[in-house]
Amino acid sequence: MHPRAGASLSRRRFLALSAGGATAGAAALSGCALQVSTGVSGAGETVTVMVNSGDILPEQVQQAKKDLGIKIVLIKYDITKLIAMLTSGNPPDLVRGVGAVDSPFFAARNVAEELDPYFARSGVLKSADLDPVNDLWRYDGRVQGKGPRYGMAKDFSQDSMYWYNTAAFDKGGVDHPPETEPVTYEEWIDTAKRLVQRKSGQTTVFGGSYQGLTRSTLLTTMTASAGGSLFNDDFSRVDFTTPEARKALAWFIDYCKTKVGPSLIQPDPNGWDGPTYQAGRLAMANNGYWLGGMIGTDKKLAEVSRLAPAPVFEGGERISACQGGTGLWMPRGAKNKDAAWRVFEWFFGEEPAKARASGGWGIPTLKSMRSLMPAQEDYQKRVLQVQENELKHFSVVSFTPYTRADALDALFNQIAPAAMNGQISVDTLAGRLNSAINEQLKRGKEQVG
């Protein structure tokens, strides 16, 4: 149940579940849905877009002014600032979001505009042309992947896939993974144990990195791969003690305990996989297709790099989900919706989208742009073949609307290191995670209503 239309927006309620205000907790927000105009030119308007640095480049802002006649004003993405703008009734016209975790959160709070009427009349973004990954931006009030569209992904990867360095495998005398059939998670970690290199008690080459985009999306996806669900039917509770969730949790804790790769208890000094993989200090990198944009800048590295399917659990399902799906959504209280939609069309269906597709930094989310993906070099053709086969196994793995992924990660990061260091068992960890996370989800559900 949503709050009544026109009800005052309470920033305190929106921030109620945040950890020191840094992450947004659940809240019940409302906004009046405005009538959709029949015109979408937007020429002469100003559109404010809240994004991260690099999402929209300064030269693209200039190009939009020239091509569309619309002035784009960029605001640096900040969740606390966004909440303040939403609750004051003066939100940005478009906002960056991660479809896998943000779409149910904002849709459930009644602050995101339903975009189906815009898609229906668009000459640029046709529903039949939308890749299924855009279903991450759908929410029917109960589950993700169905119902109205609230946004769109700019590009995507199947984030459980991983890259590997054939030179590291050859040096270690380890067979290369199959290109179209997945290894099991058990096989993956055994390989990482064979490839890790240590000197004087320090890891000099990581055998593999497998941390996902967030711990919560990683464990949600791995639980689905094991044949279960981390959440109950209405996404108001987690249960890490089910056989499937426990299997995923135990595997991840084993990955951390054995120190074959970066983790909370063995941080990567570079902060993320990219530079470490480039330097030859990481044999396997759990990053989907998008990492190829970086790998492709170094031809020698590209020639020894391969992309492999997402692993599966022994006896489990073959699921290759997207844990990101970053894109844009439109607040219901936006003042310049027609102009914002024209920018939306341009960003997702015109020159910026074509540039992203040809750069290899992600799979385009319009099927008609697949032909722009890099395929000139032999190594690019090989990667593309693996990726195209993997698309058959994509599915939406639903996330809870009652809190944000970063808030769940904050709890996990507080509780899990004791298990990673061998101080508590996986079963004890499962119980502690259930208690802490379910308390947060309970408050979130109460506030959403």
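**Exercise 1. The three-stranded sheet**

In what order do the three strands of the open antiparallel sheet stand? Find the order, then the edges, then one pair of facing residues.

*Solution.* The model you are looking at is predicted, so keep that in mind as you work.

- Step 1: Trace the strands. The order is β11-β8-β12, and the pairing is antiparallel.
- Step 2: Look for the edges. β11 (284-285) and β12 (305-308) each have a single partner strand, so one side of each is left without a neighbour in the sheet.
- Step 3: Follow one pairing. Strand β8 (residues 162-165) runs antiparallel to β12, and four bridges join them.
- Step 4: Pick out facing residues. W163 stands opposite L307 in β12.

**Exercise 2. The five-stranded sheet**

Work out the strand order of the open sheet with five strands, and name the strands at its edges.

*Solution.*

- Step 1: Read across the sheet. The order is β2-β1-β3-β13-β6, with mixed pairing.
- Step 2: Find the strands with a single partner. These are β2 (71-76) and β6 (151-153), so each has one side without a neighbour in the sheet.
- Step 3: Consider the twist. From one strand to the next, the twist averages 25°.
- Step 4: Zoom in on one pair. Strand β1 (residues 46-51) is parallel to β2, and six bridges join the two. M50 has I75 in β2 opposite it.
- Step 5: Remember a rule for reading strands. In a regular strand the side chains alternate between the two faces of the sheet.

**Exercise 3. A hairpin**

How many residues lie between the strands in the hairpin of β4 and β5?

*Solution.*

- Step 1: Locate the strands. β4 covers residues 138-139 and β5 covers residues 144-149; they pair in the antiparallel sense over two bridges.
- Step 2: Find a bridge. R138 has R149 in β5 as its bridge partner.
- Step 3: Inspect the turn. Four residues lie between the strands, and G141 takes a positive phi near 95° in this hairpin.

**Exercise 4. Helix α4: buried or exposed?**

Decide whether the residues of α4 are buried or exposed.

*Solution.*

- Step 1: Recall the cut-off. Buried means under 20% relative accessible area.
- Step 2: Apply it to the helix. In α4, 10 of its 10 residues are buried, so by this cut-off the helix is mostly covered.
- Step 3: Look at the members. Among them are G99, D102, P104, F105 and F106.
- Step 4: Step past the end of the helix. N110, just after α4, takes a positive phi of about 65°.
- Step 5: Compare with a residue elsewhere. E59 is found in helix α2 (residues 58-68). Because its relative accessibility is 47%, E59 counts as partly exposed.

**Exercise 5. The largest pocket**

Which residues lie nearest the centre of the largest pocket?

*Solution.*

- Step 1: Start with the space. The largest pocket holds about 1,300 Å³.
- Step 2: Go to its lining. There are 48 lining residues, and R96, V98, L213, W290 and T326 lie nearest the centre.
- Step 3: Ask which elements contribute. Those giving two or more residues to the lining include β3 (94-98), α4 (99-108), α8 (215-225) and α16 (405-415).
- Step 4: Sort by class. The lining divides into 17 nonpolar, 19 polar and 12 charged residues.

**Exercise 6. Enclosed spaces**

How many cavities of 30 Å³ or more does the structure hold?

*Solution.*

- Step 1: Think about the method. Rolling a probe the size of a water molecule over the atoms shows where empty space is left.
- Step 2: Count. There are four cavities of 30 Å³ or more.
- Step 3: Take the largest cavity, with a volume of about 70 Å³. Its lining includes S216, L230, F240, D409 and F412. Two elements, α8 and α16, give two or more residues to it.
- Step 4: Classify that lining. It has nine nonpolar, two polar and one charged residues.
- Step 5: Move to the second largest cavity, with about 60 Å³ of space. A100, T217, A321, C322 and F399 are among its lining residues. The largest share, three residues, comes from α8.
- Step 6: Classify this lining too. It divides into six nonpolar, four polar and no charged residues.

**Exercise 7. Cysteines**

How many disulfides does the structure hold, and are C256 and C322 buried or exposed?

*Solution.*

- Step 1: Recall the bond. A disulfide is a covalent bond between the sulfur atoms of two cysteines.
- Step 2: Search for one. The structure holds zero disulfides.
- Step 3: Check accessibility. C256 counts as buried because its relative accessibility is 0%. C322 is buried too, with a relative accessible area of 5%.

Conventions: Residues numbered from 1 in each chain as written. Predicted model: local features only at pLDDT ≥ 70, side-chain atom pairs only at ≥ 80, totals over all residues. Heavy atoms only, no water. 1 Å grid on protein atoms, 1.4 Å probe; cavity = no way out; pocket = protein on both sides within 12 Å on 5 of 7 lines; lining within 4 Å. Points joined across faces, edges and corners; volume = space filled by probe spheres on them. Nonpolar A, V, L, I, M, F, W, Y, C, P; charged D, E, K, R; others polar. Disulfide = S-S within 2.5 Å. Buried < 20%, exposed > 50% of the residue type's maximum accessible area, 1.4 Å probe, protein only. Pairing = 2+ DSSP bridges. Axes fitted to C-alpha atoms, helices over the stretch in contact; angles between N-to-C directions.
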